[in-house]
Each structure stands twice: as structure tokens, then as C-alpha cells.
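Work through the exercises below with the sequence and the model in view. Each task is followed by a solution in steps.

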Amino acid sequence: MIDKLSWVAAYPEILLAVMACVIALVDLGVKSPQRGATHGLTLATLAVVALLLGLAASGGQTIVGFGGMIVSDPMGNWLKCFAAIALMVTLVYGRGYASQRDMLRGGEMFSISLLALLGMFVMISGHNFLVIYLGLELLTLSSYALVALRRDDTAATEAAMKYFVLGALASGFLLYGLSMVYGATGSLDLAQVLAAIAGGEATLKGSPQVLTLGLVFVVAGLAFKLGVAPFHMWVPDVYHGAPTAITLLIGGAPKLAAFAIVIRLLVEGMAPLAIDWQQMLGVLAVVSLLVGNLAAIAQTNLKRMLAFSTIAQMGFMLLGLLAGVAGGDASNMANAYGSSMFYVVTYVLTTLGTFGVIILLSRQGFESDNIEDLAGLNQRSPLYAGVMAVCMFSLAGVPPLVGFYAKLSVLQALLASPSAFHIGLAVFAVIMSLIGAFYYLRLVKVMYFDAPVQTAPIEAGADVRSVLSLNGALVLVLGIVPGGLMALCAQSVAALFA
């Protein structure tokens, strides 16, 4: 049933879809190689969408639309708002880079980016298996196209092929799992799936074994989308091969959407099976922390190092998700999932700053993607070295930066449980963070204490300089006063259980 409330629930998605088409048409008349008009219209669209979503999220209302197929709630609206801002920052950083590499010969980078964001919005809003899957496919298909945008570049084309093949496999996993859950519960609607599972065998349409097997495939599909080990094979290759601006687009905002579908499917749809899926997430988290941190130490390529760092960071985020239910006690759910949301939001903020500096240092015919390329950066530009250092210290979890409080909130959620398993995981996570600090601090040492290899001047527009400075300042300020963002995440997640 489609009523007025349905249109209210879906207006950000409708606005984004319309503007993606409008921008594609407007670009036909743009002759500038920098695509100034297209770029400006895209940023204006994202700013308006982010503002509207922020206002909707502040209202705290939950609206269900299209017969329960989508939901507009505070958690979803904040995540969509942050995703729109992340894409806006990505396009500001990446425009000069893309122009130098002939990626703006048409305006498709802008319209496909908006379609990728639309996919994220649908994933975040979806309250039905098919809607979530449609959003996921729109995001992944747009991502494949963006990675291959430099069609004359062998590395980018190879990365796109790997991403496409492995992405298709993961989509098959997820779809197969969802079909088995549908077979066991008789519904595609998350609320009805939850009711069927909560009622036990009396309300299930199929056998519990089919439901459990479906859950395994769903978790495997979600693990691929998050990029956690052992489903991480695509992450280093795609991060390395894709143009750096597209690497940031893939490594930033989509993490927010991936977190949202984990909450929608596992918490809102299959919370009674928490004991089962928490054990799986525990294994994924441990393996990710181990593989990510140890493999990152061996890397000389900066983008590959950050790819393995991402695997470890997502493993840490999973620790919050598996602390929600302990021994049948679900009282820690809002605290645990709120800490994971805080972690993923701050991770995206830090990633934007990190890749922003790498994009800035790249120039025509030169990719600044090796660790040695940052040698002596402090002597060339104290500002950019400072932003990079702040982001590295934050990812390492050094106080008083925001990454420290993100890690602390996840560890507090784990330690709120009396379970020895959770306490053991917290100790393991701290040890892995200490190991991870090595490769983050190595980068700081290279920037401040090594002699410069590159002497070319660093050229950046006023917009890039100001956004990058603000980005670095936010990583520091949100670390000093993290209370506001922490409360926002906790309240928006708590609204799910109200």
C-alpha cells in the first residue's frame, strides 16, 4: 500500500534518483574539462540531501513506508546523512585527480557516484530482503563501473574484473542465504521474519536446520561486503588497482551502508539467533584482526597497507556487534551496537583524511601510493603532514584522538559482559592494536624524519585545502569532545528497540 507517508519515507532516495538523471543530462552541454557545472550541481545536491536527512534524523521519528518495505528511522537517516557528506568530501578531494587522469571526459563519474549513493540509501532504508538486495546490487554495479573508469589503465581494469567476479560470488552467497531464510520463515519482511524466528518451531514454515544454514550464507555475504577476513581477498587488489579517488569512494561511505545492513538483517531480522551469528562474527573478528594487522606490516605500497588496515578496523568494529547479547541477556544491545556505529562513523572520517592527503600528493603521471613517496612530507608541507599524522594516530588508537574513543567504546561494550569469552576477545583486540600501531607510526616516522624523495610543489585548490584542514581538525576535536557523537549514535540505535 502506497500512502503519503510512503513518499515522505522515500523522499531522499527519490530526490537523489531524479538529480542523478538531471546531472547526467546537464553534463551533455558542459564543455569544460574540469566539469565545473556538473561538479557544482552534484555537490549542491549532496548538501541539500544531507541537510534534509539531518533535519529528519533530529526529529527522531520512525516512518514505515510502502507496506513495510522501507523504514525511515533516526539510525538510518544519520547514516545516510554521513554517507552523503562522505561522498561530497570524496568528490572535492578527487576532482583534480580525476581530471588529470582523463576520468572526467564525460560526467559519468558524478552521475554514477550518485547512483552508488542511491544504492547505499536503499540498503540503509530497506526493511525487506529484496529491497536490501536491490540497494546492494545498485551500489556494487556502480562500484564496478567506477573502478574501471580509467579504461586505458591496466591495473584499474584488472582490479575491476577481480572485484566483479568476487562481488558476484558474494552476492550469490547473500541471495542464497536470504532465499533459505525466506523458505524457513515464509516471509521477506524483516518484522515478520523476526516474529517467525522468535516463535520457534511452531511458527517456522521450514526446518530450523534450513534457517541456520541460510544464516551462515547471509553472514558470509555480509562479511564480503564489510571486507573482513577470510572474505577479504578483493580488498587489497581493488584498493591498489583502482584510481585513488575511487579507492576512497569504495573505502568510505559504503562502510556505513554495510554496517546498516548488518544491523537490519542480523539484529532487526534475526535477533533470536544472536547466539549463533555472534559466534560467527567472533571468528571473523579474530581472523580479521590477525590477518589485517600482520599483513599490513609487510606492505610497502601505501594503498595496500591501508587496505589491510581496513580489514583489521572492520574486525574491531565487529567486536561491538558480538557483545550485544550475552548468556540470553539482551540489555547490552543498544550500548554495543551504538559503539559499533560510533566506530564505523569515525573510521570513515579518518579514512577521508588519509586518502585526501594521498590524492593531494598524486599528480599528472605520478601516483603517490608508496610509503617512501611520503618521505620528508613535513618539510614540503607541515599542514598535510600534520593531517596525515593525526589520522594515523587516530587509526592506531592514540588518545586524545577520536580513534582512541572509538576503540574504547567497543572495548567497554565487550567488558560490560561477564562472559570470559568477551573479556578474552577484548585482551586480544588490545594486543592486535599494539601490533597495528607499528605500521601507522612507521608512516609518521617516514614523514617527519626521512629526507624528501619528491621535491615537486604540492598544488591544491582552496576548497581542497580548507576541507582537508577541517577533516583533520574534526578527527582531533571529536577526540577531545566525543560525547555528542557518541550520544547521537547511542540514541539512534536505542530507537530501534523502543
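A residue is called buried under 20% relative accessible area, exposed over 50%, and partly exposed in between, with a 1.4 Å probe and protein chains only. The model is predicted: local features need pLDDT of at least 70, side-chain atom pairs count only at pLDDT 80 or more, and totals for chains, interfaces and linings use all residues. Residues are numbered from 1 along each chain as its sequence is written, and side-chain values use heavy atoms, with hydrogens and water left out.

**Exercise 1. Classify W7 and describe the nonpolar patch that includes W7.**

Step 1. Locate the residue: W7 is in helix α1, residues 4-26. Helices (H or I, at least four residues) and strands (E, at least two) are DSSP runs, numbered from the N terminus.

Step 2. Apply the cut-offs: the relative accessible area of W7 is 48%, so W7 is partly exposed.

Step 3. Find the partners. A patch is made of residues with over 30% relative accessible area and no salt bridge; like charges are joined within 9 Å, and nonpolar side chains (Val, Leu, Ile, Met, Phe, Trp, Tyr) within 5 Å. On the surface, W7 is joined by I14, V18, V22 and V26, and together they have about 410 Å² of accessible area. Such areas come from the Shrake-Rupley method with a 1.4 Å probe; for residues, only the protein chains shown count as cover.

**Exercise 2. Decide how the rings of W78 and F82 are arranged.**

Step 1. State the rule: rings of Phe, Tyr and Trp (its six-membered ring) pair if their centres lie within 6.5 Å; planes under 30 degrees apart count as stacked, over 60 as edge-to-face and the rest as tilted. The structure holds 13 aromatic pairs.

Step 2. Apply the rule: the centres of W78 and F82 are 5.9 Å apart and the planes stand at 20°, so this pair is stacked.

Step 3. Place the pair: both residues belong to helix α3 (residues 74-100) and are four residues apart, about one turn of the helix.

Step 4. Check burial: W78 has 16% relative accessibility and counts as buried. F82 is buried as well, at 18%.

**Exercise 3. Do the same for F224 and W234, and name the cluster they belong to.**

Step 1. This aromatic pair is tilted, with 5.3 Å from centre to centre and 35° between the planes.

Step 2. The pair links distant parts of the chain, with F224 in helix α8 (residues 208-226) and W234 in helix α9 (residues 234-241), 10 residues apart.

Step 3. F224 and W234 are both buried.

Step 4. Ring pairs join F224 and W234 with Y144, Y163 and F164 in a cluster.

**Exercise 4. Which charged residues sit over the rings of Y97 and F316?**

Step 1. The rule asks for NZ of Lys or CZ of Arg within 6 Å of the ring centre and within 35 degrees of the ring normal.

Step 2. For Y97 the residue is R101, at 3.8 Å from the ring centre.

Step 3. For F316 the residue is K407, whose charged end is 5.1 Å from the ring centre.

**Exercise 5. What does the salt bridge between D73 and R264 tie together?**

Step 1. A salt bridge is a side-chain nitrogen of Lys or Arg within 4 Å of a carboxyl oxygen of Asp or Glu. Seven are found in the whole structure.

Step 2. The closest N and O atoms of D73 and R264 are 2.9 Å apart.

Step 3. D73 lies in the loop between β2 (70-72) and α3, while R264 lies in helix α11 (residues 253-269), so the bridge ties together parts 191 residues apart in sequence.

Step 4. D73 counts as buried at 4% relative accessibility, and R264 counts as buried at 0%.

**Exercise 6. Trace the salt-bridge network that contains D237.**

Step 1. D237 meets K162 in a salt bridge of 3.4 Å, N to O. D237 lies in helix α9 and K162 in helix α6 (residues 154-185), so this pair ties together parts 75 residues apart in sequence.

Step 2. D237 also meets R304, at 3.3 Å from N to O. R304 is in helix α13 (residues 302-321), and this pair links distant parts of the chain, 67 residues apart.

Step 3. Bridges that share partners join E158, K162, D237 and R304 into one network.
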